Amino acid sequence: MANVAILGAQWGDEGKGKVVDIYSEKSEFIVRYQGGNNAGHTLVVNGEKTVLHLIPSGVLHEGKTCVIASGVVLDPAVFMEEIDELTKRGLLSEKRRTKVVISERAQVIFPYHKLLDRLREEHGGKGGKIGTTVRGIGPAYEDKVARRGILICDLYDPELLREKLERAVKEKNTVLEHLYGQPKLSIDELHQWAIEFGKKLKPMVCDTRVLVQEALANGKSILFEGAQGTLLDVEHGTYPYVTSSNTITGGIFTGCGVGPKSLEHIVGISKAYTTRVGTGPFPTELADALGEQIRAKGAEFGATTGRPRRCGWLDLVALRYAVEVNGLTAIALMKADVLSGISEIKVCTAYEIDGKRVNTLPANIRAFERAKPVYETLKGWGDLPSTAKGLSDLPREFAAYVEYIERSLGVPVVTVSMGPGREQTLMRMM
Ligand code: GDP
Ligand code: IMO
Ligand code: MG
């Protein structure tokens, strides 16, 4: 299998975990390159559900190397919980030869990052509340670009660690005390906390860039697993209602230290409709009974925070944008079963903003909030079979929906998902 990127083409939760699980059967390395445990990737195999926040979704297969690359922000406590759980289930045993490695350059999420995330959300006020997952992601990436972040490798240099903590904590304490009326942080406690976790992580820490480069040189197949989605990208998403990393294809190159030639296929994952969790514009949102029906049938509640996801029609303006900014070569269309039984299906083909037709995403967030969807209506479909060999095994109306999307986006739909299970999937070309 050629190297492939699997990433979200919408606002996250598109079904990346399911697709990565399926595609990683043929890949030897599965690499997470950005984000942190704000992600919640769900896999359903033989009826058993697994939700992964940090560990790549290839971990259910035998003989895989699951890599957490340098672009990730890592909460050691969450990571160790996930490792312990998978070990208990026998998935990380020596016999299975599946292992997890962490980049020595990955950034560490400290308890103060989580605290600041929460306080900012609580004190955000109108327009300032992003609706984050409160996992400390934003504050950790802030420290990274402000050049005061603490890397995994720093956990093994107690003196450097203390120096860095002293610098970080001085600033944090000023903010915590004077802006939020909170008690001061203790450097000693944080130092101890970091050293202890460093010991636990140690056997898994390495230079993942070298590992990935060797894999490339030896012709091993690599799957790059995205987290979040294109419209949550810190630069190209619906800023400021975004996450704090580059979720798009570009994030692979910066987050792993590989060049663009290392990628053959870039598959954008999209639901047959749209969801969003958190604040921010969402032109095709259905704030009505139909939206409620989709949420209930699609079990649209966050895999990380349990929050209800906002639901709406498929937005082809946003998806075309995703094709462009990621250089998508294909689409995987998920959760088609959720729309079964709805007689008319709408798709948004353009926006109308202040009386003008617009075919791309406006940069000004207020303008985006005023965007009204221009819809085209297609025929709905009835129940889908749980397995299929080709589009011809599926209702005619659904096949027409898939073909409409392909024409509109100019890329093929290579995978269609008709249920959460591994087997409820139609694999087409690629
Ligand atoms: P991710 O963050 O992109 O990996 O997606 P999540 O796991 O957060 O959310 C996707 C949800 O949809 C999970 O609960 C999946 O089990 C579920 N799912 C994936 N594909 C399908 C599908 O085709 N049909 C249905 N009904 N559920 C699906
Ligand atoms: P997966 O990988 C959906 C959203 C949050 C919020 C914004 C910023 O499961 O698709 P953050 O905690 O990152 O600072 O929150 O981004 N968000 C996600 N939405 N799926 C995700 O991950 C998300 N990760 C973050 O809801 O709007
Ligand atoms: Mg998710």
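Me: What does Glu177 count as, judged by its relative accessibility?
Reply: The model is predicted, so local features need pLDDT of at least 70 and side-chain atom pairs count only at pLDDT 80 or more, while totals for chains, interfaces and linings use all residues, and side-chain values rest on heavy atoms, with hydrogens and water left out. Residues are numbered from 1 along each chain as its sequence is written, and chains are lettered from A and ligands numbered from 1 in the order in which they are written. Buried means under 20% relative accessible area, exposed over 50% and partly exposed in between, with a 1.4 Å probe and protein chains only. With a relative accessibility of 35%, Glu177 therefore counts as partly exposed.

Me: Which side chain meets that of Glu177 in a salt bridge?
Reply: A salt bridge is a side-chain nitrogen of Lys or Arg within 4 Å of a carboxyl oxygen of Asp or Glu, and the structure holds 25 salt bridges. The partner of Glu177 lies 4.0 Å away, N to O, and this partner counts as exposed at 58% relative accessibility. The side chain in question is that of Lys184.

Me: How many residues apart are Arg162 and Asp188, which link distant parts of the chain?
Reply: Arg162 forms a salt bridge with Asp188, in which the closest N and O atoms are 2.9 Å apart. Helices (H or I, at least four residues) and strands (E, at least two) are DSSP runs, numbered from the N terminus. Arg162 belongs to helix H5 (residues 158–179) and Asp188 to helix H6 (residues 187–201), so that distant parts of the chain are linked by two residues whose separation is 26 residues.

Me: In which helix do Arg295 and Glu292 both lie?
Reply: These two residues form a salt bridge whose closest N and O atoms are 2.9 Å apart. Arg295 is buried, with a relative accessible area of 16%, whereas Glu292 is partly exposed at 43%. They are three residues apart, about one turn of the helix, and the helix that holds both is H9 (residues 289–297).

Me: Which residues coordinate the magnesium ion (ligand 3)?
Reply: Donors are N, O and S atoms within 2.8 Å of the metal (3.2 Å for Na, K and Ca), and water is not among the atoms, so sites may look incomplete. Here the coordinating atoms, an OD atom and an O atom, stand at 2.0 to 2.2 Å from the ion. One of the two residues lies in the loop between strand E1 (4–8) and helix H1 (16–23) and the other in the loop between strand E2 (29–32) and E3, so the pair ties together parts that are 27 residues apart in sequence. The residues are Asp13 and Gly40.

Me: What percentage of the accessible area that ligand 1 has on its own does the protein cover?
Reply: A residue is near a molecule or strand if one of its heavy atoms lies within 4 Å of it, and of the 20 residues around ligand 1, Lys16, Gly17, Thr42, Asp337 and Ser417 come nearest. Among the polar contacts, which are pairs of N or O atoms within 3.5 Å (within protein, one must be able to donate a hydrogen and the other to accept it, and residues adjacent in sequence count only if both atoms are side-chain atoms), a polar backbone atom of Gly17 lies 2.8 Å from an oxygen atom of the ligand, and a backbone N or O atom of Gly419 lies 3.0 Å from an oxygen atom of ligand 1. Accessible areas come from the Shrake-Rupley method with a 1.4 Å probe, and for residues only the protein chains shown count as cover. Of the 580 Å² that ligand 1 has on its own, the protein covers 93%.

Me: Which residue in E4 stands opposite His41?
Reply: Two strands pair if DSSP finds at least two bridges between them, and five bridges join E3 to the antiparallel strand E4 (residues 48–52). Four of the five residues of E3 (residues 41–45) are buried, so this strand is largely enclosed by the rest of the structure. E3 and E4 form a hairpin with two residues between them, where Asn46 in the turn has a positive phi of about 50°. The residue opposite His41 is Leu52.

Me: Which strands stand at the edges, each with a single partner strand?
Reply: The open sheet of 10 strands has mixed pairing and runs in the order E9-E7-E5-E2-E10-E1-E11-E15-E19-E20. At each edge one side of the strand is left without a neighbour in the sheet, because each has a single partner strand, and these edge strands are E9 (205–206) and E20 (425–427).
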